[in-house]
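Dear colleague,

Please find below the structure that I am handing over to you. My findings follow it, and I would ask you to read them with the structure open.

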Amino acid sequence: MMLHTRLCDLLEVEFPILNAPMGGGDAPAELAAAVSEAGGLGLIGGTTREGATWLVSQIRRARDLTDRPFGVGFISHLPGAADLMAVALDEGVRVIAHSFADPTPFVGPAHDAGALVLCQVRTVDDARHAATAGVDVVTAQGTEAGGHTGRVSTLPLVPAVVDAVAPIPVIAAGGIADGRGVAAALMLGAEGVWLGTRFIATAESGVSDAYRARVIASSADDTVLTDVFDVATGMPWPDGVSGRAIVNQFSERWHGREDALRVWAGEHRDEYLALASDEEIDNRPVWAGEATSFVTRVEPAAEVVARLAAEAAQVLSNRPGDLLRK
Ligand SMILES: Cc1cc2nc3c(=O)[nH]c(=O)nc-3n(C[C@H](O)[C@H](O)[C@H](O)COP(=O)(O)O)c2cc1C
(Lines give C-alpha, C1' and ligand atoms only; values in the text may rest on other atoms or scores of the structure.)
Protein backbone atom coordinates (compact mmCIF):
# COMPACT_ATOMS: atom_id res chain seq x y z
CA MET A 1 0.00 0.00 0.00
CA MET A 2 1.39 3.37 -0.98
CA LEU A 3 0.19 6.91 -0.40
CA HIS A 4 -1.22 8.42 -3.55
CA THR A 5 -3.34 11.52 -4.23
CA ARG A 6 -4.26 13.67 -7.25
CA LEU A 7 -1.41 15.95 -6.23
CA CYS A 8 1.10 13.19 -7.02
CA ASP A 9 -0.15 13.10 -10.62
CA LEU A 10 -0.24 16.89 -10.93
CA LEU A 11 3.30 17.37 -9.58
CA GLU A 12 4.59 14.13 -11.13
CA VAL A 13 5.92 12.82 -7.82
CA GLU A 14 5.64 9.57 -5.91
CA PHE A 15 4.56 10.96 -2.52
CA PRO A 16 2.42 14.05 -1.75
CA ILE A 17 5.11 15.41 0.59
CA LEU A 18 6.83 18.79 0.09
CA ASN A 19 9.43 20.67 2.05
CA ALA A 20 8.51 24.30 2.74
CA PRO A 21 10.39 26.85 0.59
CA MET A 22 12.13 28.37 3.60
CA GLY A 23 13.80 31.65 2.70
CA GLY A 24 17.11 33.17 3.70
CA GLY A 25 19.01 30.10 2.51
CA ASP A 26 17.25 27.73 4.94
CA ALA A 27 15.90 25.54 2.09
CA PRO A 28 18.79 25.37 -0.38
CA ALA A 29 19.26 23.17 -3.45
CA GLU A 30 20.59 20.28 -1.34
CA LEU A 31 17.36 20.06 0.66
CA ALA A 32 15.03 20.43 -2.31
CA ALA A 33 16.98 17.87 -4.36
CA ALA A 34 17.06 15.36 -1.50
CA VAL A 35 13.28 15.64 -1.01
CA SER A 36 12.66 15.24 -4.75
CA GLU A 37 15.07 12.31 -5.04
CA ALA A 38 13.20 10.60 -2.21
CA GLY A 39 9.93 10.88 -4.15
CA GLY A 40 8.49 14.09 -2.68
CA LEU A 41 8.59 17.57 -4.19
CA GLY A 42 11.53 19.68 -3.09
CA LEU A 43 11.12 23.44 -2.97
CA ILE A 44 14.06 25.85 -2.88
CA GLY A 45 13.39 28.91 -0.71
CA GLY A 46 13.99 31.49 -3.43
CA THR A 47 14.01 34.67 -1.34
CA THR A 48 17.40 35.60 0.09
CA ARG A 49 19.48 38.74 0.48
CA GLU A 50 21.70 37.46 -2.36
CA GLY A 51 18.88 37.67 -4.94
CA ALA A 52 18.95 36.35 -8.49
CA THR A 53 22.58 35.19 -8.63
CA TRP A 54 22.09 32.90 -5.66
CA LEU A 55 18.80 31.63 -7.03
CA VAL A 56 20.29 30.69 -10.41
CA SER A 57 23.19 28.88 -8.75
CA GLN A 58 20.78 26.95 -6.52
CA ILE A 59 18.48 25.92 -9.35
CA ARG A 60 21.46 24.67 -11.36
CA ARG A 61 22.86 22.86 -8.33
CA ALA A 62 19.52 21.14 -7.69
CA ARG A 63 19.43 20.06 -11.32
CA ASP A 64 22.90 18.55 -10.92
CA LEU A 65 21.66 16.63 -7.90
CA THR A 66 18.37 15.30 -9.26
CA ASP A 67 16.57 14.62 -12.52
CA ARG A 68 13.23 14.76 -10.73
CA PRO A 69 10.92 17.77 -10.60
CA PHE A 70 11.51 20.43 -7.97
CA GLY A 71 10.17 23.94 -7.44
CA VAL A 72 11.00 27.35 -6.03
CA GLY A 73 8.96 29.34 -3.51
CA PHE A 74 8.98 33.06 -2.76
CA ILE A 75 8.11 35.49 0.02
CA SER A 76 5.98 37.30 -2.48
CA HIS A 77 5.05 40.56 -0.77
CA LEU A 78 8.70 41.63 -0.85
CA PRO A 79 9.85 43.84 -3.71
CA GLY A 80 11.46 41.89 -6.53
CA ALA A 81 9.35 38.72 -6.19
CA ALA A 82 8.10 38.94 -9.79
CA ASP A 83 11.65 39.38 -11.10
CA LEU A 84 12.90 36.42 -9.07
CA MET A 85 10.03 34.29 -10.37
CA ALA A 86 10.97 35.30 -13.93
CA VAL A 87 14.54 34.13 -13.22
CA ALA A 88 13.25 30.75 -12.00
CA LEU A 89 10.97 30.38 -15.03
CA ASP A 90 13.87 31.25 -17.35
CA GLU A 91 15.89 28.53 -15.67
CA GLY A 92 13.12 26.05 -16.54
CA VAL A 93 11.54 25.65 -13.09
CA ARG A 94 7.98 24.39 -13.54
CA VAL A 95 6.60 24.60 -10.01
CA ILE A 96 6.39 28.06 -8.44
CA ALA A 97 5.11 28.71 -4.92
CA HIS A 98 3.97 32.08 -3.58
CA SER A 99 3.14 33.19 -0.07
CA PHE A 100 2.16 36.38 1.78
CA ALA A 101 0.83 38.23 -1.30
CA ASP A 102 -2.09 38.33 -3.69
CA PRO A 103 -1.01 35.75 -6.30
CA THR A 104 -2.92 37.42 -9.17
CA PRO A 105 0.07 39.12 -10.87
CA PHE A 106 2.18 35.96 -10.75
CA VAL A 107 -0.26 33.44 -12.20
CA GLY A 108 -0.33 34.60 -15.85
CA PRO A 109 3.47 34.71 -16.40
CA ALA A 110 3.93 31.36 -14.64
CA HIS A 111 1.20 29.65 -16.67
CA ASP A 112 2.51 31.20 -19.89
CA ALA A 113 5.83 29.52 -19.13
CA GLY A 114 4.08 26.20 -18.50
CA ALA A 115 4.58 26.26 -14.73
CA LEU A 116 2.18 25.29 -11.96
CA VAL A 117 1.42 27.87 -9.26
CA LEU A 118 1.08 26.93 -5.60
CA CYS A 119 -0.12 29.60 -3.19
CA GLN A 120 0.13 29.45 0.60
CA VAL A 121 -2.73 31.10 2.51
CA ARG A 122 -3.80 31.51 6.13
CA THR A 123 -7.51 32.34 5.82
CA VAL A 124 -10.48 30.99 3.89
CA ASP A 125 -10.97 34.39 2.21
CA ASP A 126 -7.41 34.36 0.92
CA ALA A 127 -7.90 30.78 -0.28
CA ARG A 128 -10.99 31.82 -2.27
CA HIS A 129 -9.09 34.77 -3.70
CA ALA A 130 -6.17 32.54 -4.74
CA ALA A 131 -8.61 30.15 -6.42
CA THR A 132 -10.18 33.03 -8.32
CA ALA A 133 -6.71 34.20 -9.34
CA GLY A 134 -6.23 30.82 -11.03
CA VAL A 135 -3.62 29.10 -8.87
CA ASP A 136 -3.28 25.35 -9.37
CA VAL A 137 -2.84 24.32 -5.73
CA VAL A 138 -3.64 26.06 -2.44
CA THR A 139 -1.53 25.45 0.67
CA ALA A 140 -3.50 26.06 3.88
CA GLN A 141 -1.07 27.11 6.60
CA GLY A 142 -2.16 26.82 10.22
CA THR A 143 -0.90 28.94 13.08
CA GLU A 144 1.10 26.00 14.48
CA ALA A 145 3.56 26.50 11.62
CA GLY A 146 7.12 27.63 12.08
CA GLY A 147 8.13 30.93 10.52
CA HIS A 148 5.58 33.52 9.42
CA THR A 149 2.00 32.41 9.74
CA GLY A 150 -1.54 33.44 10.64
CA ARG A 151 -3.96 32.92 13.52
CA VAL A 152 -6.16 29.94 12.56
CA SER A 153 -5.11 26.39 13.45
CA THR A 154 -4.53 23.69 10.87
CA LEU A 155 -7.38 21.46 12.09
CA PRO A 156 -10.19 23.98 11.41
CA LEU A 157 -8.43 25.74 8.51
CA VAL A 158 -7.72 22.82 6.18
CA PRO A 159 -11.25 21.40 5.75
CA ALA A 160 -12.69 24.91 5.39
CA VAL A 161 -10.17 25.70 2.64
CA VAL A 162 -10.82 22.32 0.98
CA ASP A 163 -14.54 23.17 0.83
CA ALA A 164 -13.92 26.74 -0.31
CA VAL A 165 -11.64 25.99 -3.27
CA ALA A 166 -12.87 22.55 -4.44
CA PRO A 167 -11.93 20.99 -6.81
CA ILE A 168 -8.52 22.70 -6.54
CA PRO A 169 -6.18 20.44 -4.54
CA VAL A 170 -5.15 21.64 -1.09
CA ILE A 171 -1.90 21.02 0.77
CA ALA A 172 -1.88 21.19 4.57
CA ALA A 173 0.93 23.01 6.39
CA GLY A 174 1.54 23.66 10.06
CA GLY A 175 2.13 21.21 12.86
CA ILE A 176 2.83 18.12 10.76
CA ALA A 177 6.02 16.18 11.48
CA ASP A 178 5.17 12.49 11.53
CA GLY A 179 3.07 9.96 9.68
CA ARG A 180 0.07 10.46 11.98
CA GLY A 181 0.03 14.15 11.07
CA VAL A 182 0.25 13.32 7.37
CA ALA A 183 -2.63 10.84 7.67
CA ALA A 184 -4.72 13.32 9.66
CA ALA A 185 -4.16 16.05 7.05
CA LEU A 186 -5.31 13.69 4.31
CA MET A 187 -8.40 12.81 6.38
CA LEU A 188 -9.21 16.53 6.54
CA GLY A 189 -9.35 16.53 2.75
CA ALA A 190 -5.85 17.76 1.98
CA GLU A 191 -4.08 16.02 -0.90
CA GLY A 192 -0.58 16.70 0.33
CA VAL A 193 1.54 18.06 3.16
CA TRP A 194 4.18 20.79 3.28
CA LEU A 195 6.60 20.70 6.20
CA GLY A 196 9.11 23.25 7.43
CA THR A 197 10.02 22.49 11.03
CA ARG A 198 10.74 18.79 10.36
CA PHE A 199 12.96 19.64 7.39
CA ILE A 200 14.86 22.46 9.12
CA ALA A 201 16.39 19.77 11.36
CA THR A 202 17.76 17.72 8.46
CA ALA A 203 21.34 17.42 7.36
CA GLU A 204 20.57 19.28 4.10
CA SER A 205 18.88 22.42 5.48
CA GLY A 206 20.81 25.67 5.40
CA VAL A 207 20.83 26.45 9.14
CA SER A 208 23.66 26.14 11.64
CA ASP A 209 24.23 23.15 13.88
CA ALA A 210 23.32 25.34 16.84
CA TYR A 211 19.94 26.11 15.22
CA ARG A 212 19.28 22.40 14.55
CA ALA A 213 20.22 21.55 18.13
CA ARG A 214 17.83 24.20 19.50
CA VAL A 215 14.96 22.80 17.42
CA ILE A 216 15.70 19.28 18.60
CA ALA A 217 15.86 20.32 22.24
CA SER A 218 12.55 22.24 22.08
CA SER A 219 8.91 21.29 22.26
CA ALA A 220 5.66 22.98 21.24
CA ASP A 221 5.34 25.07 24.38
CA ASP A 222 8.77 26.59 23.76
CA THR A 223 7.50 28.45 20.67
CA VAL A 224 6.04 31.95 20.53
CA LEU A 225 4.09 33.76 17.81
CA THR A 226 5.64 37.17 17.88
CA ASP A 227 6.46 40.34 15.97
CA VAL A 228 9.64 41.14 17.86
CA PHE A 229 12.10 39.84 15.27
CA ASP A 230 10.32 41.69 12.47
CA VAL A 231 10.28 44.93 14.49
CA ALA A 232 14.01 44.49 15.12
CA THR A 233 14.87 43.90 11.48
CA GLY A 234 12.34 46.43 10.16
CA MET A 235 11.01 43.82 7.74
CA PRO A 236 7.33 44.38 6.90
CA TRP A 237 4.74 41.56 6.82
CA PRO A 238 1.07 41.67 5.89
CA ASP A 239 -1.56 42.30 8.58
CA GLY A 240 -2.42 39.19 10.56
CA VAL A 241 0.98 37.60 9.96
CA SER A 242 3.52 37.11 12.76
CA GLY A 243 6.49 34.79 13.12
CA ARG A 244 6.59 31.59 15.16
CA ALA A 245 10.00 30.97 16.68
CA ILE A 246 11.54 29.20 19.63
CA VAL A 247 11.62 31.50 22.63
CA ASN A 248 15.11 32.93 23.14
CA GLN A 249 16.74 35.73 25.11
CA PHE A 250 15.63 38.33 22.57
CA SER A 251 11.96 37.31 22.53
CA GLU A 252 11.97 37.01 26.34
CA ARG A 253 13.27 40.55 26.56
CA TRP A 254 10.94 42.21 24.05
CA HIS A 255 7.77 40.17 23.44
CA GLY A 256 4.91 42.31 24.78
CA ARG A 257 7.13 45.42 24.80
CA GLU A 258 7.04 46.11 21.07
CA ASP A 259 6.74 49.91 21.47
CA ALA A 260 9.94 50.02 23.51
CA LEU A 261 11.54 47.68 20.99
CA ARG A 262 10.70 50.08 18.15
CA VAL A 263 12.64 52.79 19.96
CA TRP A 264 15.55 50.39 20.63
CA ALA A 265 15.57 49.21 17.01
CA GLY A 266 15.72 52.81 15.80
CA GLU A 267 19.16 53.01 17.41
CA HIS A 268 20.43 49.42 17.18
CA ARG A 269 19.02 47.95 13.95
CA ASP A 270 22.32 47.92 12.04
CA GLU A 271 24.05 46.24 14.95
CA TYR A 272 21.23 43.68 15.17
CA LEU A 273 21.31 42.95 11.46
CA ALA A 274 25.08 42.57 11.57
CA LEU A 275 24.88 39.75 14.13
CA ALA A 276 25.98 36.58 12.38
CA SER A 277 22.56 35.08 11.83
CA ASP A 278 23.85 31.54 11.95
CA GLU A 279 25.27 31.40 15.39
CA GLU A 280 23.29 34.08 17.23
CA ILE A 281 20.47 31.78 18.27
CA ASP A 282 19.90 33.74 21.47
CA ASN A 283 19.16 36.93 19.55
CA ARG A 284 18.22 36.07 15.98
CA PRO A 285 15.00 34.20 15.30
CA VAL A 286 15.05 30.42 15.48
CA TRP A 287 11.93 29.94 13.35
CA ALA A 288 10.20 26.67 14.24
CA GLY A 289 6.66 25.51 14.82
CA GLU A 290 4.79 23.47 17.37
CA ALA A 291 5.73 20.30 15.51
CA THR A 292 9.14 20.73 17.06
CA SER A 293 7.87 18.35 19.78
CA PHE A 294 8.19 15.52 17.23
CA VAL A 295 11.58 16.58 15.92
CA THR A 296 13.98 14.74 18.16
CA ARG A 297 16.96 14.12 15.91
CA VAL A 298 18.68 15.36 12.79
CA GLU A 299 17.77 13.07 9.91
CA PRO A 300 18.71 13.02 6.24
CA ALA A 301 15.80 14.59 4.32
CA ALA A 302 15.33 11.43 2.25
CA GLU A 303 14.74 9.43 5.42
CA VAL A 304 12.14 11.91 6.57
CA VAL A 305 10.22 11.57 3.31
CA ALA A 306 10.41 7.76 3.33
CA ARG A 307 9.43 7.50 6.99
CA LEU A 308 6.49 9.93 6.70
CA ALA A 309 5.15 8.10 3.64
CA ALA A 310 5.48 4.66 5.24
CA GLU A 311 4.05 5.74 8.62
CA ALA A 312 1.11 7.52 7.01
CA ALA A 313 0.30 4.53 4.81
CA GLN A 314 0.38 2.31 7.87
CA VAL A 315 -1.86 4.60 9.93
CA LEU A 316 -4.31 4.95 7.05
CA SER A 317 -4.54 1.22 6.52
CA ASN A 318 -4.73 0.21 10.21
CA ARG A 319 -6.74 2.90 11.97
CA PRO A 320 -10.11 2.60 10.19
CA GLY A 321 -10.19 -1.12 10.99
CA ASP A 322 -9.29 -0.36 14.62
CA LEU A 323 -11.99 2.28 15.00
CA LEU A 324 -15.04 1.01 13.13
CA ARG A 325 -17.44 -1.74 14.17
CA LYS A 326 -20.18 -3.34 12.09
C1 LIG B 1 12.81 28.12 9.28
C2 LIG B 1 11.54 28.41 8.52
C3 LIG B 1 11.57 29.33 7.50
C4 LIG B 1 10.42 29.59 6.75
N5 LIG B 1 10.48 30.45 5.70
C6 LIG B 1 9.40 30.58 4.89
C7 LIG B 1 9.51 31.34 3.69
O8 LIG B 1 10.55 31.90 3.37
N9 LIG B 1 8.43 31.42 2.89
C10 LIG B 1 7.26 30.77 3.20
O11 LIG B 1 6.31 30.85 2.44
N12 LIG B 1 7.12 30.09 4.36
C13 LIG B 1 8.17 29.95 5.18
N14 LIG B 1 8.06 29.20 6.32
C15 LIG B 1 6.75 28.60 6.66
C16 LIG B 1 6.53 27.33 5.85
O17 LIG B 1 6.21 27.64 4.52
C18 LIG B 1 5.44 26.41 6.38
O19 LIG B 1 4.19 27.00 6.30
C20 LIG B 1 5.63 25.90 7.78
O21 LIG B 1 6.97 25.55 8.03
C22 LIG B 1 4.74 24.69 8.02
O23 LIG B 1 4.63 24.39 9.36
P24 LIG B 1 5.67 23.46 10.15
O25 LIG B 1 6.82 24.35 10.43
O26 LIG B 1 4.91 23.07 11.36
O27 LIG B 1 6.02 22.30 9.27
C28 LIG B 1 9.20 28.94 7.09
C29 LIG B 1 9.18 28.01 8.13
C30 LIG B 1 10.33 27.74 8.85
C31 LIG B 1 10.27 26.72 9.96
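Which strands and helices are included in what covers the buried residues of helix H2? Please note, before the reply, that the model is predicted. The cover includes three strands, E1 (17–19), E2 (42–45) and E3 (70–75), together with the helices H3 (52–65), H9 (197–200) and H14 (301–323).

Helix H2 itself runs over residues 29–37, and seven of its nine residues are buried. These are Ala29, Leu31, Ala32, Ala33, Ala34, Val35 and Ser36. Just after H2 comes Gly39, whose phi is positive, at about 105°.

The chain as a whole may be described as follows. The protein chain contains 14 helices and 11 strands. Its C-alpha trace spans about 65 × 45 × 40 Å along the principal axes. A compact globule of 326 residues would have a radius of gyration near 20 Å, and the 19 Å of the protein chain therefore agrees with that expectation.

Of the 326 residues, 55% are buried. Among contacts with a separation of 6 or more, 64% join residues that are 24 or more positions apart in the chain.

Turning to the surface and the charges, the accessible surface of the protein chain is about 13,700 Å², and carbon and sulfur atoms hold 52% of that area. The protein chain carries 43 negative and 25 positive side chains, with the centres of the two sets 4 Å apart.

Yours sincerely

Note on methods. Residues are numbered from 1 along each chain as its sequence is written. This is a predicted model: local features need pLDDT of at least 70, side-chain atom pairs count only at pLDDT 80 or more; totals for chains, interfaces and linings use all residues. Side-chain values use heavy atoms; hydrogens and water are left out. Helices (H or I, at least four residues) and strands (E, at least two) are DSSP runs, numbered from the N terminus. The radius of gyration is taken over C-alpha atoms; the globule rule is 2.2 Å times the number of residues to the power 0.38. Buried means under 20% relative accessible area, exposed over 50%, partly exposed in between (1.4 Å probe, protein chains only). Contact means heavy atoms within 4.5 Å. Accessible areas come from the Shrake-Rupley method with a 1.4 Å probe; for residues, only the protein chains shown count as cover. Lys and Arg count as positive and Asp and Glu as negative; His and the chain ends are not counted. The place of a charge is taken as NZ of Lys, CZ of Arg, CG of Asp or CD of Glu.
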